[in-house]
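Biologist: Before we use words such as "buried" or "helix", could you take me slowly through the reasons behind each of them?

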Amino acid sequence: MFHDPRDGLVGLALAATGAGALWIARRYPAGTAADLGPGFLPAILGALLLLLGLLMAAGACRGPRTPFPVLQLRPLLAVLGGVVLFGLLLRSAGLLVASSALVLLASAGLRGAGWRVALIEAVVLGVLAVAVFVHGLGLRLPVWPAGLPWN
């Protein structure tokens, strides 16, 4: 069926997501060109996603056959564990610690990733998360661990 199974399956998943967005968007009025309605953007994005997914799946039917890649559990479990840890730590430890822990645990899934680089990335991305979500967007998230005097 597909010469490149990864691209083929991802293309079908994108096409299905686009079709679902179109199905949901049909319930909302699209409006006019001068006054766009709430269904306009989901319909356009759904149609584009459907088209790109079908093009990707069709392109996977051409070219030399490639075997389906072996599933590597270490990166998968590291990223999923990082997301779960983020959710568990957010309220009690704050956004800075939770997002840094997410980056550190997800970095553990990479082979050959140095701990110094992962630590720098964790600090930088933690600070960026606080800057964007708390200060930029004004979300009311705890920044520091609960119980600290400056909270």
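**Reasons behind the labels**

Modeller: This is a predicted model, and in it the protein has four helices and zero strands. Read from the N terminus on, the elements run α-α-α-α.

Biologist: What makes you say that the protein is more spread out than a compact globule?

Modeller: The radius of gyration of the protein is 21 Å, whereas the globule rule gives 15 Å for 151 residues; the value is well over the rule, and therefore the protein is called more spread out than a compact globule. Along its principal axes, the C-alpha trace spans about 55 × 50 × 20 Å. Of the 151 residues, 23% count as buried, and the protein exposes about 10500 Å², of which carbon and sulfur atoms supply 74%.

Biologist: Let us turn to single residues. Why does Val-130 count as buried?

Modeller: The word "buried" is kept for residues under 20% relative accessible area. Val-130 has a relative accessibility of 9%, so Val-130 counts as buried. Its place is in helix α4, which covers residues 115–136, and, leaving aside neighbours within four places in sequence, Val-130 is in contact with Leu-95, Leu-96, His-135 and Val-143. Val-130 and Val-143 are 13 residues apart in sequence and 6.8 Å apart in space, C-alpha to C-alpha.

Biologist: Why is Ser-100 called buried?

Modeller: The relative accessible area of Ser-100 is 15%, which is under the 20% cut-off, so Ser-100 is buried. Ser-100 lies in helix α3, residues 73–107, and touches Ala-122, Val-123 and Gly-126 when residues up to four places away in sequence are not counted.

Biologist: Why does Leu-9 count as partly exposed?

Modeller: Partly exposed is the class between 20% and 50% relative accessible area. Leu-9, at 46%, falls between these two limits and therefore counts as partly exposed. Leu-9 lies in helix α1 and, not counting residues up to four places away in sequence, touches Phe-2 and Phe-68. Leu-9 and Leu-22 are 13 residues apart in sequence and 20 Å apart in space, C-alpha to C-alpha.

Biologist: And what makes Phe-40 partly exposed?

Modeller: Phe-40 has a relative accessibility of 33%, and because this value also lies between 20% and 50%, Phe-40 counts as partly exposed. The place of Phe-40 is in helix α2, residues 40–59.

Biologist: Which residues make the nonpolar surface patch?

Modeller: The patch is made by Leu-36, Phe-40, Leu-41, Ile-44, Leu-45 and Leu-48, and has an area of about 540 Å². A patch residue needs over 30% relative accessible area, and Phe-40, at 33%, is over that limit, so Phe-40 meets this condition.

Biologist: How do you know that Asp-4 has no salt bridge?

Modeller: A salt bridge requires a side-chain nitrogen of Lys or Arg within 4 Å of a carboxyl oxygen of Asp or Glu. For Asp-4, the nearest side chain of opposite charge is Arg-6, which is 4.3 Å away, so the limit of 4 Å is not met and no salt bridge is counted. Asp-4 is nevertheless buried. Asp-4 lies in the segment before α1 (5–25), and, leaving aside neighbours within four places in sequence, Asp-4 is in contact with Ala-60 and Thr-66.

How values were computed
Residues numbered from 1 in each chain as written. Predicted model: local features only at pLDDT ≥ 70, side-chain atom pairs only at ≥ 80, totals over all residues. Heavy atoms only, no water. Patch = residues over 30% accessible without salt bridge, like charges linked within 9 Å, V, L, I, M, F, W, Y side chains within 5 Å. Areas by Shrake-Rupley, 256 points an atom, 1.4 Å probe, with all protein chains shown as cover. Helix = DSSP H or I, 4+ residues; strand = E, 2+ residues; numbered from the N terminus. Buried < 20%, exposed > 50% of the residue type's maximum accessible area, 1.4 Å probe, protein only. Rg over C-alpha atoms; globule rule 2.2 N^0.38 Å. Contact = heavy atoms within 4.5 Å. Lys, Arg positive; Asp, Glu negative; His and termini not counted.
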